[in-house]
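Colleague: I'm new to reading structures, and I'd love to go through this one with you. Could you show it to me, and then let me ask my questions one by one?

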Amino acid sequence: MTTLTLVVPVHNLGAYLPETLATLEQQTAPFELWLIDDASTDDSADQLRQFAASRSETHVAVFPNHRGVSAARNYGIQHATGDVVAFADGDDQLHPDYVKTLLDGFRPGVVAVTVGYRWWHVPISKENHYERLTQREMFTQVSHRGTEVGGYVWNKAYSLDAIRQADLEFDESLSIAEDYLFTAQFVARTRGTYLYNPVLRYTKVNRPDSTIHTRRMQERQIEGRVFDEIYRLGKTI
């Protein structure tokens, strides 16, 4: 039986956490949970500790200094015990079958599973089924903005063995597009079957103070360099 570790970074999300934690509690399949507080200055860490107190499969790590979302995700990867690892943001909403749908897709030869999400769009198909993608098809999906699959990490689960075999981690020097780079690197370095289930399982919450809404010109330039690197990765497949 495939097991899943879900990694959730949190930084000053106290106002959003109750709803997010409620959707974690409502999951219909068992999973290991790592809640990682990135030196919040609000009550986020206290909420995480309280949530984990009566849940043996939930673990909380609290960073003494702010290190960024990539460091939090890397910590989760390093401590994950599941066969596959997934990521969610601490202010988003997960369908009760989010974990179950990801897990149901894993079978011999499958290296990653992705599900439908609502953010700037909703999935074209609402049917609960799995579509097979080749490595090349998956890379095309994750290396371009606005695709059905997207390069985001929060609607996907990755084989933990494949992450480690690829010697892959999030780039902690990046302030933006770190998820696109991670996903593109994973696909470029990992042969195997990729599955996409378009059924809506993840809802991205738009915060006015999120990075995507407050990015400066310097961060746009960083994002441009990341996509240049992703373009180069595509030539290696």
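Colleague: Which backbone oxygen does the side chain of glutamine 47 reach?

Modeller: Keep in mind that this is a predicted model. Start from helix H2, residues 44–52, where glutamine 47 lies. Leaving aside neighbours within four places in sequence, glutamine 47 is in contact with Gly14, Leu17, Pro18 and Leu21. One of these residues supplies the oxygen: at 2.9 Å, the side chain of glutamine 47 reaches the backbone oxygen of glycine 14.

Colleague: Does glutamine 47 count as buried or exposed?

Modeller: We need its relative accessibility, and that is 16%. Buried means under 20%. Because 16% is under that cut-off, glutamine 47 counts as buried.

Colleague: Now glutamate 148, please. How far away is the nearest side chain of opposite charge?

Modeller: Glutamate 148 sits in the loop between helix H5 (135–142) and strand S8 (156–159). Glutamate 148 is buried yet has no salt bridge. A salt bridge would need a side-chain nitrogen of Lys or Arg within 4 Å of a carboxyl oxygen. The nearest side chain of opposite charge belongs to lysine 156, and its distance is 11 Å.

Colleague: Which side chain makes a polar contact with the side chain of glutamate 148?

Modeller: Let's look at what surrounds this residue. Not counting residues up to four places away in sequence, glutamate 148 touches Tyr117, His121, Val122, Pro123, Ile124, Gln141 and Tyr196. At 2.9 Å, the polar partner of the glutamate 148 side chain is the side chain of tyrosine 196.

Colleague: Let's turn to the strands. Which residue in S9 is the bridge partner of alanine 112?

Modeller: Strand S6 spans residues 110–118, and 8 of its 9 residues are buried. S6 and strand S9 (residues 193–203) run parallel, joined by 8 bridges. Within S9, alanine 112 has as its bridge partner tyrosine 194.

Colleague: And which residue in S8 is the bridge partner of threonine 114?

Modeller: Here the pairing of S6 and S8 is in the antiparallel sense, over 3 bridges. We met the partner earlier, when looking for a charge opposite to that of glutamate 148. In S8, threonine 114 is matched with lysine 156.

Colleague: Which residue in S2 does valine 10 stand opposite?

Modeller: S1 and S2 run parallel and are joined by 6 bridges. In S2, Glu32, Trp34 and Ile36 point one way, while Leu33, Leu35 and Asp37 point the other way, and all are buried. The residue of S2 opposite valine 10 is aspartate 37.

Colleague: How many of the residues of helix H4 are buried?

Modeller: Helix H4 runs over residues 98–105. Its buried residues are Tyr98, Val99, Thr101, Leu102, Leu103 and Gly105. Their cover includes strand S1 (4–10), strand S4 (84–87), strand S5 (93–94), S6, S8 and S9. The helix is mostly covered, and the count of buried residues is 6 of its 8.

Colleague: Which helices are included in what covers the buried residues of H3?

Modeller: In helix H3 (residues 69–79), Ser70, Ala71, Ala72, Arg73, Asn74, Gly76 and Ile77 are buried. Among the strands in their cover are S1, strand S2 (32–37) and S4. The helices included are H6 (160–165) and H7 (178–189).

Colleague: One last thing: which residues does the UniProt domain annotation cover?

Modeller: The unreviewed UniProt entry carries the annotation "domain: Glycosyltransferase 2-like". In the model, that span is 29% helix and 25% strand, and its end C-alpha atoms lie 23 Å apart. According to the record, the annotation covers residues 6–131.

Conventions
Residues are numbered from 1 along each chain as its sequence is written. This is a predicted model: local features need pLDDT of at least 70, side-chain atom pairs count only at pLDDT 80 or more; totals for chains, interfaces and linings use all residues. Side-chain values use heavy atoms; hydrogens and water are left out. UniProt positions are given in the numbering used here, feature names are shortened, and annotations may be inferred rather than shown by experiment. Helices (H or I, at least four residues) and strands (E, at least two) are DSSP runs, numbered from the N terminus. Buried means under 20% relative accessible area, exposed over 50%, partly exposed in between (1.4 Å probe, protein chains only). Lys and Arg count as positive and Asp and Glu as negative; His and the chain ends are not counted. A polar contact is a pair of N or O atoms within 3.5 Å; within protein, one must be able to donate a hydrogen and the other to accept it, and residues adjacent in sequence count only if both atoms are side-chain atoms. Contact means heavy atoms within 4.5 Å. Two strands pair if DSSP finds at least two bridges between them.
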